[in-house]
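Work through the exercises below with the sequence and the coordinates at hand. Each task is followed by a solution in steps.

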Amino acid sequence: MVAGLVAVTRRDLLLAWKRPGDVLNPLFFFAMVCTLFPLAVGPSPEQLTFSGPGVLWVAALLAALLSLNSLFLGDHEDGSLDQLLVSAQPLPMLVLGKTLAHWLTSGLPLVLISPVLALTYRMPGNVMGVLMLTLLLGTICLSLLGSIGAALTVGLNRGTALLGLLILPLAMPVLLLGANTVSLAAGNEMYTTGVWALAAYAVAAISLAPYATAAALRISNE
Amino acid sequence: MWKWFHKLASPPHFYRLAATLIPWLAVPGLMLIAYGAYAGLFVAPEDYQQGDAFRIIYVHVPSAYLSMMAYMFMAFGGAIGLIWRMKLAHAVGAAAAPIGAAFTFLALVTGSIWGRPMWGTWWEWGDPRLTSELILLFLYFGYMALRSSIDDTAKADKASAVLALVGVVNVVIVHYSVEWWSSLHQGQTLFKEGGPAMDASMLYPLLAMILGFTLVFGALLARRIRTEVLYRERRTRWVREMILSPEGGK
């Protein structure tokens, strides 16, 4: 069971390694959205400290959405998705492997560069830690939720707009928890509840989303 | 039991059943709404805090309740359709979505109109219920967008059913958000321990409105399912026979 997961993850990581553009583009997008806000709302330090957590979280959400479109698209086009569907390995585990690889190549890099951008928003060190922790849990949730949407829209050629319409409403609770937890931490208030709630969301998503994604993939490829 | 279930699932049978049901739902529903609207707007006394503004609950509460009820129809229809491969259940989901979206929109608009004099703002982002109701509207839009972008009806049915089921988590959050996050929205008035915290003269019109709205919702749903069934079965023999018969599909 785990063999299939590991094999799929390794294959996707290898593919990502051969095509670094797919990994880097969402990161550049993330950095660029974070740059847009100070240019638009003005560079005053109070404003940046106040809006920093929210802006970073929204940018992360949009960057995650941008990378999701390609999750099953390549495999659908070259036919390897059909091979996964007829494989003897349980499909939810294979899907989990693909989502894991997707998170390692899109969510995790995003978490790792977030302190640099948080620095430009004058975020203090301890808050930065909370930001990274919430983004770590949040991007896991977003990758898993997004895999459902990506599986539903895989053969449709409707692009990111439809995917956004499907995924963003589901992702809003994650955004709300994540951004507000960082804001609470920035205001020196109790923030652990939000972290636990995000962790609970992530655990639920890991256990349930692969089944929904597997079902959606079977429907899309009938 | 199973025989009844199979009979209900047969499109021609349901098509005729819905036709007989519609007047039985619509007439009492409209009568209840007429009574509720009159008693709520003219007979019920003013609220000691909110004055006449509270009267919008006679539209707001039933709409908000039906916005979630319609979603449940969509989700259960999707689940039954996926599990028992019952095509009619998918038709229920497809028919319920636009009605649900309309009630969600109505709940948002009436809530907003009420919020202006009461909270001093048309829209309050800090309130989880408002936000969740808006998210519910987006979920309906997503469901309908996914449905309309898949040409194959069978595939569209199943894909949108999966989406509706995933979104149920969200509806649960809508429902419990009042308890989860501290809220600007009023707490529960109707369903709480120790009975409703409302005077009978205000309560009965509200109950009549809720029941009336539900019945009219049922009638609208039955009407839309009939159209949906007719469209889906347009190439079958029973539809052709019915249309060519002397009654002409009545």
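A residue is buried if 20 or more other C-beta atoms lie within 10 Å of its own, and exposed if 12 or fewer do. The model is predicted.

**Exercise 1.** Decide whether Arg85(B) is buried or exposed, and say where in chain B it is found.

Solution. Start with the count: Arg85(B) has 12 C-beta neighbours inside 10 Å. The limit for exposed is 12 or fewer, so Arg85(B) counts as exposed. Next, its place is the loop between helix H3 (57–84) and helix H4 (87–119) of chain B. Finally, look at the backbone: phi of Arg85(B) is near 50 degrees, a positive value in a residue other than glycine.

**Exercise 2.** Treat Arg122(A) in the same steps: find its loop and its exposure.

Solution. Arg122(A) is in the loop between H6 and helix H7 (125–152) of chain A. Within 10 Å there are 11 other C-beta atoms, so Arg122(A) is exposed. Its phi is positive, about 55 degrees, although Arg122(A) is not a glycine.

**Exercise 3.** Check the span of helix H2 (residues 20–41) of chain A, then sort its residues into buried and exposed.

Solution. Step one is the length. At 1.5 Å a residue, the 22 residues of H2(A) should span 32 Å, and the end C-alpha atoms are 33 Å apart, so the two agree. Step two is the buried set: Pro26(A), Phe30(A) and Cys34(A). These cover an arc of only 75 degrees around the axis, and therefore lie on the same side of H2(A). Step three is the other side of the helix, where the exposed residues include Leu24(A), Phe28(A), Met32(A) and Leu36(A). Step four asks for the partners: the buried residues of H2(A) pack against helix H3 (45–68) and helix H6 (91–120) of chain A. Just after H2(A), Gly42(A) takes a positive phi of about 100 degrees.

**Exercise 4.** Describe the fold of chain B and the course of H4(B).

Solution. Chain B has eight helices and zero strands. Of its 250 residues, 38% are buried. Among contacts in chain B with a separation of 6 or more, 76% join residues 24 or more positions apart. H4(B) has 33 residues and reaches 46 Å from its first C-alpha to its last, close to the 48 Å expected at 1.5 Å a residue. A kink of about 30 degrees lies at Ala96(B), shortly before the proline Pro98(B). Just after H4(B), Gly120(B) has a positive phi of about 80 degrees.

**Exercise 5.** How many residues does each chain bring to the contact, and which elements of chain A take part?

Solution. Chain A brings 17 residues and chain B brings 18. On the chain A side, the elements that give two or more residues are H7, helix H8 (159–186) and helix H9 (192–220). H8(A) has the largest share, seven residues. By class, this side of chain A has 14 nonpolar, one polar and two charged residues.

**Exercise 6.** Which residues have the most contacts inside the largest nonpolar core?

Solution. The core has 132 residues, and those with the most contacts inside it are Ala60(A), Cys141(A), Leu145(A), Ala216(A) and Val162(B). H7(A) gives the most to this core, with 16 residues. Take Cys141(A) as an example: leaving out residues up to four places away in sequence, Cys141(A) touches Val174(A), Tyr201(A), Ala202(A) and Ala205(A).

Definitions and conventions:
Residues numbered from 1 in each chain as written. Chains lettered and ligands numbered in written order. Predicted model: local features only at pLDDT ≥ 70, side-chain atom pairs only at ≥ 80, totals over all residues. Helix = DSSP H or I, 4+ residues; strand = E, 2+ residues; numbered from the N terminus. Expected span 1.5 Å × (residues − 1). Arc of directions from axis to C-beta. Contact = placed C-beta atoms within 7 Å. Nonpolar A, V, L, I, M, F, W, Y, C, P; charged D, E, K, R; others polar. Core = buried A, V, L, I, M, F, W, Y, C linked by C-beta atoms within 7 Å. Bend = angle between axes of the 7 residues up to and from the residue.
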